[in-house]
Amino acid sequence: MSNGILVFIEHRNGAVSKTSLEAIAAAQSLGSQLQQQVSAVILGVDPDAMAQGIAAYDLAKVVSASNAKLASYTPDGYTDAVEKVVRQLDPQLVVMSHTYLVRDFGPKLAARFEKSLISDCIRTQVAEGSVTFTRRIFLGKLDADVVSDGKAPVFVTFQSGAYRPDQAVKGSGAPIEKREVEVGEIRMSPEPPFQEVKQAVDLSKAEIIVAIGRGIKSKENIALAQKLADVLGGDIAASRPICDAEWLPIDRQIGSSGQTVAPKLYIALGISGAIQHLVGMKNAGTIVAINKDPEAPIFDIADYGVVGDLFEAVPVLTEEIKKIKGLS
Amino acid sequence: MKIIVMMKQVASKDAILRISKDGTWIEEGDLSFEVNESDGYALEEALRVREKLGGEVLVCAMGPQRAKSVIKDALARGADRAIHIVGDNLTHLSPYAAASALAEAIRDEQPDLIMTGLQSDDYGYAQTGVIMAELLGMPHATIVIEVDASGDKLRVKRELESGWYQWYSMPTPALLTIQSGISQIRYATLKGIMAAKKKEIKEVVPPAEIVGRPSHQRLKRVYLPQKTKQTQLLGNGDAKAGAVALAERLHVEARVI
Ligand SMILES: Cc1cc2nc3c(=O)[nH]c(=O)nc-3n(C[C@H](O)[C@H](O)[C@H](O)COP(=O)(O)OP(=O)(O)OC[C@H]3O[C@@H](n4cnc5c(N)ncnc54)[C@H](O)[C@@H]3O)c2cc1C
């Protein structure tokens with residue numbers, strides 16, 4: 001009979017990633033509600049040192065699974081290795097973070113069990129021993145409650161930020177189970193990861209940011225937002241599509257594939273508020289959204305919102321701020 | 001090189017979504033639909049590879065008859081022919097079931113390359129392509145932003161988190177999931193639209209044992225997200241009045257200006 005919860009630990013450059021602690025927190029929370037033990041698995045050529053670190057958390061055990069083919073990440077290698085561990089431990093639930101790496105191999109892993117992931121969940125609810133998972137759909141506009149029918153294991157991934165790393169509970173030292181795992185042929189060969197040319201603009205210290213999204217419609221219209229930024233003494237930034245279109249350089253992009261910022265004022269103009277954007281700015285002090293769609297997810301995290309056309313609102317806002325600042 | 005592009009029809013980005021009466025999906029009756037954003041970039045990438053190396057680009061879409069508009073648009077942009085997996089009740093397939101139906105529909109075509117978008121704008125599972133690759137026994141790469149198919153091995157640039165990238169090489173046949181925004185998507189020309197009318201669209205029915213199997217992930221309820229913050233909405237729908245009130249609040253209340 002399937003038993004327990006297995007949590008997958010991700011690491012980069014010899015360090016366990018913060019999102020793995022979020023995954024541990026998620027697994028522990030489910031574990032205590034379902035009265036199931038939580039074990040962790042970490043992969044690598046020699047992941048024992050990192051396994052030691054993980055063993056400090058309140059876990060039944062840490063599986064340290066090694067193979068020379070796990071030196072760098074490949075979907076083939078990771079899928080084979082985790083599959084072996086899952087088959088051996090036979091857990092009810094496999095918990096992972098919805099990171100780029102898990103997006104790459106997680107669906108392949110679940111497919112080995114003729115399943116898919118319940119992916120990118122934001123919360124769970126346990127009632128009478130069964131779990132309801134909540135995920136965002138339609139680009140963040142709606143929530144969906146999902147239940148899993150059928151046999152174990154259930155594979156679930158959590159959105160970054162669904163749990164906090166500091167929610168992971170420490171324990172009294174979990175036993176480490178070292179094991180050499182079998183890995184088949186690796187078909188893809190990775191080159192070393194790299195960053196593009198060094199970023200010229202560092203927005204992480206900006207106090208005021210005026211950010212534009214696809215609602216700005218054209219490159220010419222950026223002048224409107226720039227004027228507002230100038231009056232405020234702030235910096236201009238953007239959502240990804242604006243930088244993809246090269247209307248602004250990539251070092252102005254905010255979000256999971258751009259910069260993470262925490263200014264005291266963030267004004268989002270014509271930005272819908274996709275999760276990949278929100279993770280880059282949700283820690284701003286005061287968040288303002290101007291958007292014509294009252295249901296845009298950006299309003300979920302905004303302190304102040306104006307529902308309406310930014311082309312009407314922004315010139316007025318700029319003038320009003322000029323007045324306040326005694327500039328006109 | 002034979003490339004198959006998987007394309008999904010989804011609700012338009014700016015469509016107003018209304019929850020259906022039974023609370024398990026949205027009202028689709030009067031909804032406007034469009035092609036899933038990243039799938040459009042997958043098609044563009046496939047067309048560019050064909051322009052360089054020659055070969056054929058097929059599109060494959062699954063859904064009711066309305067999904068034909070996605071197919072016709074792809075043919076007008078330059079795809080050579082299409083496969084339409086037709087069915088009215090395919091919306092709620094799990095990614096595993098959807099990938100199984102898609103894999104079966106194209107298996108006999110023996111493509112060198114399959115391209116999909118990296119995730120759909122409706123369910124957002126981000127899994128269908130990867131599962132297809134597993135079912136077809138192909139290597140894959142996700143969140144691909146550059147494709148070099150000119151060598152004897154396929155070389156692709158993948159996006160990692162926070163501004164990091166990595167190149168991977170792999171043998172073909174392979175499957176790639178393509179990131180949005182990596183190129184400029186071409187428009188369909190009038191000539192393309194005319195030519196599309198003569199292109200083949202093969203209709204197939206998905207295997208009953210795949211679509212009939214009970215799903216291991218069942219959608220119970222769909223609803224508006226709970227707000228995490230108390231947002232002060234200003235102006236009551238009047239953008240100008242809202243802007244005046246906003247400046248005042250930022251000054252007096254939030255004290256950020
Ligand atoms: C792996 C991955 C990584 C990603 N990384 C990032 C990232 O780092 N940063 C990022 O931003 N995105 C990222 N994205 C993309 C993200 O999912 C969204 O597609 C993107 O953020 C949307 O940008 P947007 O809000 O500008 O555009 P849209 O979603 O198209 O929104 C435009 C908004 O403008 C509003 N609007 C239109 N006209 C007006 C008007 N006249 N007045 C007022 N409002 C108007 C609309 O109502 C809409 O809400 C990533 C996606 C993936 C899958």
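**Helix packing in chain A and domains of chain B**

Helices H3(A) and H4(A) are oblique to each other, since their axes cross at roughly 55°, an angle outside the ranges that count as roughly parallel, antiparallel or perpendicular. The model described here is predicted. Two packed helices are described by the angle between their axes and the distance between the axes, and for H3(A) and H4(A) the axes come within 9 Å.

**The helix pair in chain A**

- Helix H3 of chain A covers residues 75-89 and helix H4 of chain A covers residues 100-111, and the crossing of H3(A) and H4(A) is right-handed.
- On the H3(A) side, the contact is made by A:Pro75, A:Asp76, A:Tyr78, A:Thr79, A:Val82 and A:Glu83, while H4(A) contributes A:Leu101, A:Asp104, A:Phe105, A:Lys108 and A:Leu109.
- By residue class, the contact of H3(A) with H4(A) comprises six nonpolar residues, one polar residue and four charged residues.

**A:Thr79 within the contact**

- A:Thr79 is placed in helix H3 of chain A and belongs to the residues through which H3(A) meets H4(A).
- With a relative accessibility of 0%, A:Thr79 counts as buried, because buried means under 20% relative accessible area.
- When residues up to four places away in sequence are not counted, A:Thr79 touches A:Phe105, A:Lys108, A:Leu109 and A:Arg112.

**Domains of chain B**

- Chain B is divided into domain 1, spanning 2-211, and domain 2, spanning 225-257.
- The C-alpha centres of domain 1 of chain B and domain 2 of chain B are 41 Å apart.

Note on methods
Residues are numbered from 1 along each chain as its sequence is written. Chains are lettered from A and ligands numbered from 1 in the order in which they are written. This is a predicted model: local features need pLDDT of at least 70, side-chain atom pairs count only at pLDDT 80 or more; totals for chains, interfaces and linings use all residues. Side-chain values use heavy atoms; hydrogens and water are left out. Axes are lines fitted to C-alpha atoms, for helices over the stretch in contact, and angles run from 0 to 180 degrees between N-to-C directions. Helices (H or I, at least four residues) and strands (E, at least two) are DSSP runs, numbered from the N terminus. Angles under 35 degrees count as roughly parallel, over 145 as roughly antiparallel, 65 to 115 as roughly perpendicular and the rest as oblique. A crossing is left-handed if the near helix is turned anticlockwise from the far one by less than a right angle, and right-handed if clockwise. Contact means heavy atoms within 4.5 Å. Ala, Val, Leu, Ile, Met, Phe, Trp, Tyr, Cys and Pro count as nonpolar, Asp, Glu, Lys and Arg as charged, and the others, Gly among them, as polar. Domain bounds come from an automatic or database domain assignment. Buried means under 20% relative accessible area, exposed over 50%, partly exposed in between (1.4 Å probe, protein chains only).
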